[in-house]
Amino acid sequence: MSLLSVENLRIELALRAGPAPVIDDLSFTLEAGRTLSFVGESGCGKSMTALAIMGLLPDVGRVAAGSITFDGADLTTLPDARLRQIRGNEISMIFQEPMTSLNPVYTVGEQIAEVLRRHRGMTGRDATARAVELLDAVRIPNARSRVTAYPHEMSGGQRQRVMIAMALACAPRLIIADEPTTALDVTVQAQIFELLRDLAHDTGTALILITHDMGAVAEMADDVVVMYAGRAAEAGPVEAILDDPRHPYTRGLIACVPHLTADPEAARGDLTEIPGIVPPLASLGASACLFASRCAHVHDRCHGARPPAFDCPAGQRAACWLEERA
Ligand SMILES: Nc1ncnc2c1ncn2[C@@H]1O[C@H](COP(=O)(O)OP(=O)(O)OP(=O)(O)O)[C@@H](O)[C@H]1O
Ligand SMILES: [Mg+2]
């Protein structure tokens, strides 16, 4: 049994014009100890999927169909009290902006200790000692003295390390990191990714890494879900996705990262973006391929029907009519 199994998930947002499916027919599984990346442009539904797993959808959103099974229990039907237990104990989330998630009036040690008190029942010296260990684990130098620092006394990268320490504090089985490095500069981003990967590996924690950075996916992920307009355009093992991408959207994302592509035009930096924009929410129910208007390989079929996910030779699945085989 997979640690996490999402099946045919549909999330609807209540818009003024009526309900719009912001996530539609999304399925994937995640095994313990593995890293799954959601990748895709802004607005494609990466955070919405993460929030649905956490049971933290905004008020306008609801799970309209499908299931989210974690350790054998469907999170979409669990009572709130049980969900709260799982959230923080078994699943932790790391958000994009560490400064807004940390409380400026408490030291980082106090904040980590609070997580330990709430979720592990640890108090006093035990909690402080554990907070120091956690700061050490996330490679903050001089953890013993830094435990009494306030968030504003730390750099952005260190604050994100503190957030990771807080996520680790309850020894979760799944960590969801939603663009954990977007606010950081490039060298610090690489260090944080490396840290997350090592920690997940050492502790056997499963990791969902949300990013729009294909380079990070190549470094970090075992499996990938390439999302487009609330659907999986392509999904499968990272090698298949990078070495033999089948969906034109995936190829476009890879072409944006010069060192990942064998395409000489892209490698020269001539092909640095996919033309067009993500379709508006209200159009997401349409019965056509939602990528059609941006696709270089578009044909009549694409306007007439939504492509299902087809199995591809390298082992992934791609929702593109070009992959239909007899
Ligand atoms: N609270 C909300 N109310 C209405 N629409 C929302 C709300 N939150 C998100 N949306 C819409 O849902 C869609 C998916 O948003 P989501 O935040 O999941 O995208 P994302 O892939 O995480 O993008 P990004 O890379 O920018 O973080 C977007 O069209 C967004 O505008
Ligand atoms: Mg997001």
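Start your tour by selecting strand E10, which gives the most to the lining of the largest pocket, with six residues. Keep in mind as you go that this is a predicted model.

**Stop 1: the largest pocket**

With E10 (231–237) highlighted, add strand E2 (18–30), strand E9 (223–228) and strand E12 (317–318); each of these four strands supplies at least two residues of the pocket's lining. The space you are looking into is about 590 Å³. To find the middle of it, select Asp25, Ala232, Ala233, Ala309 and Ala319, the closest to the centre among the 29 residues that line the largest pocket. Now try colouring the lining by class: you should get 17 nonpolar, five polar and seven charged residues.

**Stop 2: the largest cavity**

Next, look for enclosed spaces. How many cavities of 30 Å³ or more does the structure hold? There are two. For the largest one, select Cys289, Cys295, Cys302, Cys320 and Trp321, which lie nearest its centre. In total, 15 residues line this cavity, and its volume is about 80 Å³. Colour this lining by class too, and you will find 12 nonpolar residues, three polar ones and no charged ones.

**Stop 3: the second largest cavity**

The other cavity has a volume of about 50 Å³. Select its lining: Ile164, Leu168, Ile175, Leu196, Leu199, Ala200, Thr203, Thr205, Ala206 and Leu207. Which elements each supply at least two residues of this lining? They are helix H7 (156–168), helix H8 (186–203) and strand E8 (206–211). H8 provides the largest share, four residues. By class, the lining of the second largest cavity has eight nonpolar residues, two polar ones and no charged ones.

**Stop 4: helices H4 and H7**

Stay with H7, and now show helix H4 (residues 108–120) as well. Two packed helices are described by the angle between their axes and the distance between the axes. Here the axes of H4 and H7 come within 9 Å and cross at roughly 20°. Angles under 35 degrees count as roughly parallel, so H4 is roughly parallel to H7. Turn the view until one helix lies in front of the other: H4 passes H7 in a right-handed crossing.

To see where the two helices touch, select Val108, Gln111, Ile112 and Val115 on H4, then Val162, Ala165 and Met166 on H7. As a last colouring exercise, mark these contact residues by class: six are nonpolar, one is polar and none is charged.

Methods
Residues are numbered from 1 along each chain as its sequence is written. Chains are lettered from A and ligands numbered from 1 in the order in which they are written. This is a predicted model: local features need pLDDT of at least 70, side-chain atom pairs count only at pLDDT 80 or more; totals for chains, interfaces and linings use all residues. Side-chain values use heavy atoms; hydrogens and water are left out. On a 1 Å grid over the protein atoms alone, a cavity is a set of points where a 1.4 Å probe fits but cannot get out, and a pocket is an open set with protein on both sides within 12 Å along at least five of seven lines; lining residues have an atom within 4 Å of a point. Grid points are joined across faces, edges and corners, and a volume is the space filled by probe spheres set on the points. Ala, Val, Leu, Ile, Met, Phe, Trp, Tyr, Cys and Pro count as nonpolar, Asp, Glu, Lys and Arg as charged, and the others, Gly among them, as polar. Axes are lines fitted to C-alpha atoms, for helices over the stretch in contact, and angles run from 0 to 180 degrees between N-to-C directions. Angles under 35 degrees count as roughly parallel, over 145 as roughly antiparallel, 65 to 115 as roughly perpendicular and the rest as oblique. A crossing is left-handed if the near helix is turned anticlockwise from the far one by less than a right angle, and right-handed if clockwise. Contact means heavy atoms within 4.5 Å.
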